[in-house]
Amino acid sequence: MRRNIVSDGAGQLKYEIREIVEVAKHLSAMGLEITFENIGDPVEKGEIVPEWIKEKVLGLAACDSSYRYVDTQGFPETREFLARIINDRGGCQVTMDDIIFFNGLGDAVAKLFGFLKREARVIGPTPAYSTLSSAEASHSGYEHLTYELDPDKAWMPDIDDLENKIRYNPSIAGILLINPDNPTGAVYPASLLKKMISLAEEYDLFIICDETYVHIVYDDNEKVHLSQVIGDVPGIALRSISKEYPWPGARCGWLEVFNKEKDGEFKRYIRSLVDAKRLEVCSTSLPQMSIPQVYSDDRYLIHLKNRNRIFSQRAKEAFDIFSSTKGIKVNLPRGAFYMTILFETGVLTNRQTLPIENQDIKAYIETIVQDVPPDKRFIYYLLGGRGICAVPLTGFCSDRQGFRVTLLETDDNKRRGTWKTLKQSIEEYLAV
Ligand SMILES: Cc1ncc(COP(=O)(O)O)c(C=O)c1O
C-alpha cells in the first residue's frame, strides 16, 4: 500500500468472549463436543421469551407503520415513555431529547468512543467488559486506562486507586462503570456510586454508566439507576433490551443523557453522537416500538422478578460448588448473570495440563498454549480436555488470573454437571 491504511487503534480491538469460539470451532471440527460457557446470550442457553412479549412483537410485525424509518434519535412515543419513567424515579429530570436509540449498545459504544476527542480518556474498571475497554483503547491508540475492582471487597471499585489515577492523569475526561457488573456480578450500592460521582464533580469529568443489567439484581441488593444519584454531573446511562426481554438479536439499546444543558462541551459531544446516527438515518424501528407495550404490562415486573429469583438460585449453587474448591476465590454474584473465578496468586504454572485422549486435539492444544497467559493456558486445556468453553480473565483487560462463567444454562442437570466438571478440572490442573 502507498499509505499505511490501518488505524493506530486497530491493535487494541480484542473480544476474547468470541475469539475463544474460533478455537472451540476448530476443536468441534475435530470431533469434540463443546459446552459453550462464554457468551452472555440467555436465548442461546435455552431461555424462552414469554409468549405475551412475542405476541406484542407479532402484533407490531403485522402493522405497516412498523416497517418505516423512525426519527434519528428513535421512536418518539418510546422516548417520551422512557423519559417519563426516569422522571418518575425522582433524581435527574430529562426530556425525550435526552434519549438516543442505537442498534444495540455495541453501536452506541462505537459512537461514544468514536466521536470522543482522541486525547480525552475514559477510565474504566479492570476486569473490564471487552467491548467497552477495546473501544476506549482503540479510540485513544493506547491501552485502556483502568481502576481496580477489588476481589477482596466483593469486587467493589477501589476508590483510592481511581482517585489517584484521575489526579495524576489530566487526560482523563470521564469515568466508566458497569452496574451490575460484567464479568464479576457485583452490584454497587448508592453510597459507592455517590463517591464515584463526587470524584467526577471534583475533577470536572463526565460519567458513563452501563446499565445493561440494571433490572437483573437479586434478593435485597440495592438497584440504583445513575439518574437517581447523578445530581448535576454530566452523565450517560447505557440501556438495552438484550438481556431483559431477553432479545439480544433485536440490536436495540439506548443512551439516557443527564445534565447536558449544564456543560457546553458535553452538550456538543452529545450532539455529535446524534449527528453521527443521523448519517445512518435511525436505528431499527420495531424493537424500539415494542418497549412501551412491554414495559407497561403488569406481567413484565413479574417476569423480571421470576428471572432474578432463578439467577439468584443459580448464583448460590455456583458459589457453593466453587467456594469449597482449593486454589481459587469466588464472590457470590448479586446481579447480571456472570461469576468470576479467580485463581489464587502463584497457583498457576506453565507446566500444568489436563489429560486429553484424542492425540490430534492434544497436539493442537500443546501448540496453542505456547506464550499465552497462565489462565488462558488453563482455558485451552479445559476446552481440549473437557470440552468446556469459558473466557479467561486476562481477556477482560485484567492482570489477574481467572475466568468467567455464566449462570445461563437452563438445563439444571447440564449446568450442575458443567460446574462439577469445572471444579474437578481445576483441582486436577492445580495438583500437577
Ligand atoms: C456490560 C455490557 N454492556 C453492553 C453489552 C452489549 O449489549 P447489546 O446487546 O445491547 O449490544 C453487553 C453484552 O453482553 C454487556 O455485557
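Reader: Where do I start with this chain, and which domains is the protein chain divided into?

Author: Start with the domain split. Here, the protein chain falls into domain 1 (10–47 + 301–431) and domain 2 (66–296). Keep in mind that this is a predicted model.

Reader: How many Å separate the centres of domain 1 and domain 2?

Author: Taken over C-alpha atoms, the two centres are 27 Å apart. As for the boundary, 35 residues of domain 1 are in contact with 32 residues of domain 2.

Reader: Which elements supply the side of domain 1 that touches domain 2?

Author: Helix 1 (16–29), helix 11 (298–323) and strand 11 (338–343) each give at least two residues to that side. Helix 11 has the largest share, with 6 residues. Sorted by class, the side of domain 1 that touches domain 2 holds 17 nonpolar, 9 polar and 9 charged residues.

Reader: OK, now the sheet. In what order do the strands of the open sheet come?

Author: Read a sheet by strand order, then by pairing. This open sheet has 8 strands in the order 2-9-8-7-6-3-4-5, and its pairing is mixed. Strand 2 (99–102) and strand 5 (156–157) are the edge strands, each with a single partner, so one side of each has no neighbour in the sheet.

Reader: What about a pair inside it: do strand 3 and strand 4 run parallel or antiparallel?

Author: Strand 3 (residues 121–126) and strand 4 (residues 146–150) run parallel, joined by 3 bridges. To find the register by eye, look for Gly-124, which stands opposite Thr-146 in strand 4.

Reader: And which helices pack on the sheet?

Author: Helix 4 (residues 104–114) is one of them, touching strand 2, strand 7 (206–210), strand 8 (235–240) and strand 9 (253–258). The direction of helix 4 makes about 110° with that of strand 2. Helix 7 (residues 190–203) also packs on the sheet, where it touches strand 5, strand 6 (172–178) and strand 7. The direction of helix 7 makes about 170° with that of strand 6.

Reader: Zooming out, how many helices and strands does the protein chain have?

Author: The count is 14 helices and 14 strands. The radius of gyration is 22 Å, close to the 22 Å that the globule rule gives for 432 residues, so the chain is as compact as a globular protein of that length. Along its principal axes, the C-alpha trace spans about 60 × 55 × 55 Å.

Reader: What share of the 432 residues is buried?

Author: Buried residues come to 46% of the protein chain. For contacts between residues at least 6 apart in sequence, 73% join residues at least 24 apart.

Key: Residues numbered from 1 in each chain as written. Predicted model: local features only at pLDDT ≥ 70, side-chain atom pairs only at ≥ 80, totals over all residues. Pairing = 2+ DSSP bridges. Helix = DSSP H or I, 4+ residues; strand = E, 2+ residues; numbered from the N terminus. Contact = placed C-beta atoms within 7 Å. Axes fitted to C-alpha atoms, helices over the stretch in contact; angles between N-to-C directions. Rg over C-alpha atoms; globule rule 2.2 N^0.38 Å. Buried ≥ 20, exposed ≤ 12 C-beta atoms within 10 Å, placed from the backbone. Domains from an automatic or database assignment. Nonpolar A, V, L, I, M, F, W, Y, C, P; charged D, E, K, R; others polar.
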